[in-house]
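Open the model in your viewer and keep the selection panel at hand. The tour starts at the ligand and then moves out to the whole chain.

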Amino acid sequence: PAWLPGESSRHLGGRRVYIDAHGPLVDTVRSEFTRAMAAHGGRFVDVITDAEIVVILVTEPMAPNPAHADVAAVREAAAAAEASPLTPEGYILARRDSVTAIVAATDHGALYGVLDLMRNGEPAPGVRREQPAHPIRMLDHWDNMTVHPVMGAVERGYAGDSIFFTDGEVRRDLDRVARYARLLAAVGINRVAINNVNVHRTEALLLTDKLPDVARVADVFRSWGIRLHLSVNFASPVLLGGLESADPLLPEVAEWWREATDRVYDAIPDFGGYVVKADSEGQPGPFSYGRSHAEGANPLAAALAPHDGIVHWRAFVYNHHQDWRDRSTDRAKAAFGHFVPLDGQFADNVVLQVKHGPIDFQTREPVSPVIGALTHTNVAVELQVTQEYTGQQKHVCYLGPAWSEILRFRFAGETDGARPVADLATGGFVAVSNVGTDHFLTGHPLAQANLYAFGRLSWEPLADPLRILDEWIGATFPDADDHARAVIHSILDSSWATYEKYTAPLGVGFMVSSRDHYGPDVDGYEYSRWGTYHFADRDGVGVDRTQATGTGFAGQYPSPWRERYESLAECPDDLLLFFHHVPYDHVLKSGSTVIQHIYDTHTEGVQDVLRSQAAWAGLSNRIDSATHERVTTLLVEQVRSAGDWRDQIQTYFFRKSGVADATGRPHY
Ligand code: GCW
């Protein structure tokens with residue numbers, strides 16, 4: 001049940017409820033109440049003055065309903081809605097005396113208001129307005145229909161099999177999807193792409209032959225206000241349509257997309273649109289035909305436009321056949337080079353989906369300069385809830401603080417009026433889901449916090465991630481006492497910083513096993529074709545991305561970041577090795593040398609995990625035993641793995657540099 005345990009329906013179920021609202025999502029609201037009432041003895045009432053919970057829609061022009069005026073909470077909420085109109089998904093919660101009023105302009109807003117009540121319990125007296133910062137809040141699943149020989153059922157999935165597919169088909173039983181949809185709606189997610197962006201042969205068929213089954217999934221999501229999207233293969237006209245070419249400028253190709261898209265809408269009238277990974281890591285794309293990515297995206301957009309559909313076009317395009325000896329090619333620079341020259345050429349219903357960093361969901365990266373540079377293109381920031389590079393849901397790693405730093409980053413520096421990334425995401429927020437068939441939904445029970453935080457941050461991007469964490473703890477562990485809540489908070493709040501301490505240092509990234517991206521292998525990617533290097537030698541480590549002597553990547557930022565990143569003296573410590581190649585005795589702003597920092601943080605990181613393990617052990621009688629046991633087992637693995645990271649990194653750098661540890665710790 002994650003953050004909607006049985007307990008959460010208590011606030012709804014024991015009350016007298018008056019609903020004056022209509023629409024499909026109000027039906028969902030009614031069934032939530034009905035279910036809760038069966039357990040807790042409440043009932044619907046016909047007269048507003050008899051009610052303890054009132055759900056009403058106020059629309060423009062407001063129909064004066066004299067009865068509403070008799071109830072203070074309703075009167076105040078309606079007045080607030082009149083003073084400043086509600087956006088379609090927004091709602092107002094007001095509480096006066098013993099009455100809670102939920103006022104919205106649409107059934108979607110009403111649903112969100114009721115779910116807010118479930119997550120947070122009764123609101124404090126007064127009036128609170130909630131509305132999402134952006135209309136698009138989306139999760140991408142990297143789910144395959146069959147078990148891929150290398151990637152498994154879910155690419156980079158760490159929570160079991162796909163909840164949507166099994167044995168090459170859409171699952172018959174979609175019960176788990178329904179429960180998932182309910183959880184997502186409760187944190188404001190309103191769009192889900194159900195299949196992997198790497199679209200293999202079987203999955204390509206979702207667009208055509210498998211449509212009736214896709215429609216069943218869409219039906220489930222629809223009752224929670226969530227629109228379904230599909231990842232599509234750019235070569236579909238060839239793969240599925242039997243055309244000779246998928247050249248986007250050929251009229252027959254555009255026509256194929258139009259017809260295929262019309263058929264999708266016949267089956268799924270509120271279909272959300274397409275997600276496309278093109279010309280990336282072996283996927284087909286417009287480059288094969290000498291076309292730009294705008295030329296590639298626009299015919300798909302034209303097919304979707306009459307139906308209010310969107311193309312999410314991914315900016316994750318780079319040369320994955322690099323030669324490590326070539327120091328001028330820089331994967332970090334690729335997306336900017338491909339997409340910034342096309343600014344303004346994408347159709348209005350194209351959203352360019354940009355990974356938050358220039359490389360690939362590393363524990364620490366600078367914010368992708370592409371996000372700041374596109375001013376005439378809809379941009380969505382893509383985050384990764386699935387913990388590919390952050391412990392794979394075996395390690396505790398609460399990513400709220402990491403995402404929050406990204407969303408608060410200002411390309412123009414800290415000057416007045418500089419807009420944060422949160423405001424530049426004109427195309428909203430997208431993240432890769434971390435959910436599967438696992439009993440706890442996310443493998444690690446504490447990884448649920450990341451899914452929760454993504455939803456809440458996509459609704460309110462500048463919210464405090466630690467407040468969100470407390471919200472999640474309160475909703476998920478309603479029976480936990482203050483001590484238990486404080487312990488869970490302490491284990492999660494700095495877990496990202498801890499993870500960073502024992503893995504790749506100072507923003508250099510990777511150093512993971514190239515087989516599965518889990519666990520340390522300092523040179524695992526060093527001489528490979530993927531363009532992710534740390535360049536450690538006997539004298540120093542790091543990637544020179546300066547304009548003066550390096551790849552020039554720092555020059556993709558506007559001032560003041562361009563100068564800050566360029567300058568060895570000004571570059572923030574935590575990104576030092578992302579931007580500079582420095583000798584081991586380089587002195588950091590912290591006062592430590594690079595080599596001593598590496599030794600110290602790796603020892604500290606493991607100590608942090610041991611402290612979390614001890615703290616968790618103390619909760620054995622305060623948390624349900626299944627959750628407690630699962631986390632206990634995973635913490636054993638986290639301690640082991642963190643120790644492995646520490647030993648391998650310390651040993652590697654001791655051997656490379658020959659510099660002894662100033663604290664006298666032995667290295668081998
Ligand atoms: O991080 C990398 C992953 C790939 C993934 C790719 C992408 C779906 O290792 O598994 O492919 O990114 O984002 O497209």
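**Stop 1: the ligand site**

Select the ligand: the space it takes is the second largest pocket. Keep in mind that this is a predicted model.

Now show the residues around the ligand. There are 15 of them. The closest are Glu-155, Lys-277, Arg-314, Lys-355 and Glu-388. Colour this shell by residue class. Eight of its residues are charged, four are nonpolar and three are polar.

**Stop 2: polar contacts**

Which side chains should you check for polar atoms by the ligand's oxygens? Take three in turn.

- Glu-155: an N or O atom of its side chain is 2.5 Å from an oxygen atom of the ligand.
- Lys-277: here a polar side-chain atom lies 2.6 Å from a ligand oxygen.
- Asn-198: its side chain has an N or O atom 3.2 Å from an oxygen atom of the ligand.

Next, switch on the surface. How much of the ligand's accessible area does the protein cover? On its own, the ligand has 340 Å² of accessible area, and the protein covers 97% of that.

**Stop 3: the two domains**

Zoom out and colour the protein chain by its domain assignment. Select 6-130 for domain 1. Domain 2 needs two ranges, 137-322 and 329-464. Place a marker at the centre of each domain, taken over C-alpha atoms: the two centres are 33 Å apart.

Finish where the domains meet. Domain 1 gives 13 residues to the contact, and domain 2 gives 15.

How values were computed
Residues are numbered from 1 along each chain as its sequence is written. This is a predicted model: local features need pLDDT of at least 70, side-chain atom pairs count only at pLDDT 80 or more; totals for chains, interfaces and linings use all residues. Side-chain values use heavy atoms; hydrogens and water are left out. A residue is near a molecule or strand if one of its heavy atoms lies within 4 Å of it. A polar contact is a pair of N or O atoms within 3.5 Å; within protein, one must be able to donate a hydrogen and the other to accept it, and residues adjacent in sequence count only if both atoms are side-chain atoms. Accessible areas come from the Shrake-Rupley method with a 1.4 Å probe; for residues, only the protein chains shown count as cover. On a 1 Å grid over the protein atoms alone, a cavity is a set of points where a 1.4 Å probe fits but cannot get out, and a pocket is an open set with protein on both sides within 12 Å along at least five of seven lines; lining residues have an atom within 4 Å of a point. A molecule sits in a cavity or pocket if more than half of its atoms lie within 2 Å of its grid points. Ala, Val, Leu, Ile, Met, Phe, Trp, Tyr, Cys and Pro count as nonpolar, Asp, Glu, Lys and Arg as charged, and the others, Gly among them, as polar. Domain bounds come from an automatic or database domain assignment. Contact means heavy atoms within 4.5 Å.
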